[in-house]
Amino acid sequence: MAAESSFKLTYATMFNPPEEMHVNFENALAKIRANLGKEYGMLIDGKEVFADEKVEDRNPAKTSEILALFQKGNASHAEAALAAARKAFPMWSRMRWQDRVALVRKAAELMDQRLYEMSAVVALEVGKNRMEAMGDVAETADLFRYACDRMEANNGFVTEMGRDPLVGFISTNTSVLRPYGVWIVISPFNFPASLTGGPTASALVTGNTVVIKPATDTPWTSRFIAECLRDAGIPDGVFNFVTGPGSSLGQALITSQEADGITFTGSYDVGMKIYCDFSQGRYVRPTILELGGKNPAIVSRHANLEDAAVGIVRSAFGLQGQKCSACSRVFIEEPVYDQLVPRLVELTQKLTIGDPTERSVYLGPVVNKSSYRDYQEFSAELHRAARVLTGGKVLTEGSYADGYFCAPTLAVDLPADHRLWQHEMFVPITTVASVRNLDEAMQRANDVNYGLTAGFYGAPEEVDWFFDNIQAGVCYANRPQGATTGAWPGFQPFGGWKGSGSTGKNAGGVHYLQLYMHEQIRTLVRRA
Ligand code: NDP
């Protein structure tokens, strides 16, 4: 076990894990597989709650396989969860912050212990390859700890301010950041652990109580998170876990006046709707939105082309292009275009596609029928409007027959004004263009509504120009580990500009936790 314990798993290190991680993953997978098909409740006020209707959690690599049954919660469950969170708020918010930190740290420890089983579930329900699945869970435990670290580093956000220069009086002023109240966390399918767990831990350590609603495609992973919180001893009602459709259950959470804040991670369209609907309250409530991306990589004529090729292909096709940070646009300076493009094609064609729980597989299936259909429609559009160099078709033969498998796709010669340069496709498709110079590359890179991540490959003296001009929240230069993907809390806090995010402060960074609290200044005057 020595090798594993000295190895720190991140998205940048995951390409060479110790052997034990594979063995442990396989053992846990066998255990999970032996327990498929069970029914899981919602957790409201510490109790298992069952709805009349159920939702099947299916394996996108083998759609005939039912992984588990979850509840199709409705508006009454939303109401019950919010009421339980409201009831628990006075106790939880008045608890010493050090005690809240201890409970959240305990939940992170439990997550470490359950890492392999949780990862097996992530791989099965999302279709993530095993290293990406382990990354998602390990990142979640780190996000829990990071939130705790920030509370400690800031002394619970209690800060002594200046003393008024009063004659005959002594005046002390204290700034205290205090929780808002009941916090909603709505998460997407693609990082069901970290994007549910990260906001939840941040809301909890700061003293808010929480209602979690995961994506309908991936409830099982989030249920594991809820169990870690419960088993750590977090009191009933402090967090609540409800499952069901975003359009009904989710919408009921948004339109309720019982919520005091929200963290929504998901698509631009749903996020903008939530932004509007959540503003219909009696006053403005904090709305943390983490939305889509259309992330560019720019390659200069001075770049190390091998690093560029490896980094671009990893980021374009990791998790089948279903990362908000996926590299979906590539701009290459003309003098190196003809050299780099064939290498991108070669590396893409070498990627293994199949059952994502298998060790050798890099690309699993896309998450559901709707994404599968999207891929086919975008491919058809690209076949008409551009030149598809590789991919552009779904895989249906043999072991692919029962899953949503799509060939990773590179397309060139797409007209610059085509809509697919702007639209977040969220499937394994990347469009590549030749540009006359770096200024043209930058202009096109920034010419989208999004501003999440971006990558650059070039000479050291070009790097500052890239960082200064690119409009994105997370920027990487000369990184073969991933052109636009692979952020880790504490290293690369994650968040977007423009249509990619609402706060301008990145998750897993030093300015994030403050978003979950409002400031109170406490002035106390006594006679000298
Ligand atoms: P969606 O926007 O489709 O769904 C996200 C969540 O919102 C799901 O839980 C969904 O529930 C719920 N939801 C849907 N409609 C409503 C509603 N009216 N009211 C309340 N909740 C609702 O996103 P995906 O799950 O498809 O995730 C992919 C998207 O997420 C991409 O755009 C990606 O870029 C973005 N993303 C952004 C990240 C970031 O950090 N910026 C990180 C990861 C992903 P249900 O599943 O039941 O529909």
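Lysine 128 is buried, with a relative accessible area of 0%. That value comes from a predicted model, as does everything below. The partner of lysine 128 is aspartate 136, and the two form a salt bridge whose closest N and O atoms are 3.5 Å apart. Aspartate 136 is buried too, at 0% relative accessible area. Both carry 0%, so both fall under the 20% limit for a buried residue.

## Salt bridges

Side chains of opposite charge can pair when their charged atoms come close. In this model the count comes to 31 salt bridges. Three of them are set out here.

| Pair | N to O distance | Relative accessible area |
|---|---|---|
| Aspartate 136 and lysine 128 | 3.5 Å | Aspartate 136 0%, lysine 128 0% |
| Arginine 145 and aspartate 112 | 2.9 Å | Arginine 145 23%, aspartate 112 35% |
| Glutamate 53 and lysine 72 | 3.8 Å | Glutamate 53 49%, lysine 72 31% |

Arginine 145 and aspartate 112 meet at 2.9 Å, N to O. The pair links distant parts of the chain, 33 residues apart. Arginine 145 belongs to helix 6 (residues 130-153), and aspartate 112 to helix 4 (residues 97-113). Arginine 145 is partly exposed at 23%. Aspartate 112 is also partly exposed, at 35%. Neither residue stands alone: Lys8, Asp112, Asp142 and Arg145 are linked in a network of salt bridges.

Glutamate 53 and lysine 72 meet through their side chains at 3.8 Å, N to O. Here the link runs between two loops. Glutamate 53 sits between strand 3 (47-49) and strand 4 (54-59), and lysine 72 between strand 5 (62-71) and helix 3 (75-94). The separation along the chain is 19 residues. Glutamate 53 is partly exposed at 49%. Lysine 72 counts as partly exposed at 31%.

## Strand 19 and its neighbours

How many residues of strand 19 (residues 453-457) are buried? The count is 5 of 5. In a regular strand the side chains alternate between the two faces of the sheet. Strand 19 is covered on both faces. Thr453, Gly455 and Tyr457 are buried on one side, and Ala454 and Phe456 are buried on the other.

Strand 19 has parallel partners. Strand 13 (residues 295-299) runs parallel to strand 19 and is joined to it by 3 bridges. Alanine 297 stands opposite glycine 455 in this pairing. Strand 20 (residues 474-477) is also parallel to strand 19, with 4 bridges between them. There, glycine 455 faces tyrosine 476. Between strand 19 and strand 20 the chain passes through helix 15 (residues 460-469). This β-α-β crossover is right-handed.

## Cavities and pockets

The whole structure holds 6 cavities of 30 Å³ or more. The largest encloses about 80 Å³. Its lining has 16 residues, and the closest to the centre are Gly321, Lys323, Ala326, Ser328 and Phe426. Strand 14 (327-333) and strand 17 (429-435) each supply at least two residues of this lining. By type, the lining of the largest cavity divides into 8 nonpolar, 5 polar and 3 charged residues.

The second largest pocket has a volume of about 400 Å³. It is lined by 18 residues. Phe15, Asn129, Arg314, Val361 and Tyr362 lie nearest its centre. Helix 6, helix 11 (305-317) and helix 12 (334-350) each supply at least two lining residues. Which helix gives the most to the lining of this second largest pocket? Helix 11 does, with 3 residues. The lining of the second largest pocket comprises 10 nonpolar, 4 polar and 4 charged residues.

## Positive phi

Most residues other than glycine have a negative phi, and most peptide bonds are trans. Two residues with positive phi deserve a look.

Asparagine 155 has a positive phi of about 50° although it is not a glycine. Its place is the loop between helix 6 and strand 6 (158-160). At 45% relative accessibility, asparagine 155 counts as partly exposed.

Glutamine 320 has a phi near 60°, again positive in a residue other than glycine. Glutamine 320 lies in the loop between helix 11 and strand 14. Is glutamine 320 buried or exposed? At 1% relative accessibility, glutamine 320 counts as buried.

Definitions and conventions. Residues are numbered from 1 along each chain as its sequence is written. This is a predicted model: local features need pLDDT of at least 70, side-chain atom pairs count only at pLDDT 80 or more; totals for chains, interfaces and linings use all residues. Side-chain values use heavy atoms; hydrogens and water are left out. On a 1 Å grid over the protein atoms alone, a cavity is a set of points where a 1.4 Å probe fits but cannot get out, and a pocket is an open set with protein on both sides within 12 Å along at least five of seven lines; lining residues have an atom within 4 Å of a point. Grid points are joined across faces, edges and corners, and a volume is the space filled by probe spheres set on the points. Ala, Val, Leu, Ile, Met, Phe, Trp, Tyr, Cys and Pro count as nonpolar, Asp, Glu, Lys and Arg as charged, and the others, Gly among them, as polar. A salt bridge is a side-chain nitrogen of Lys or Arg within 4 Å of a carboxyl oxygen of Asp or Glu. Buried means under 20% relative accessible area, exposed over 50%, partly exposed in between (1.4 Å probe, protein chains only). Two strands pair if DSSP finds at least two bridges between them. A crossover is right-handed if, with the strands pointing away from the viewer, the path from the first strand over the helix to the second runs clockwise.
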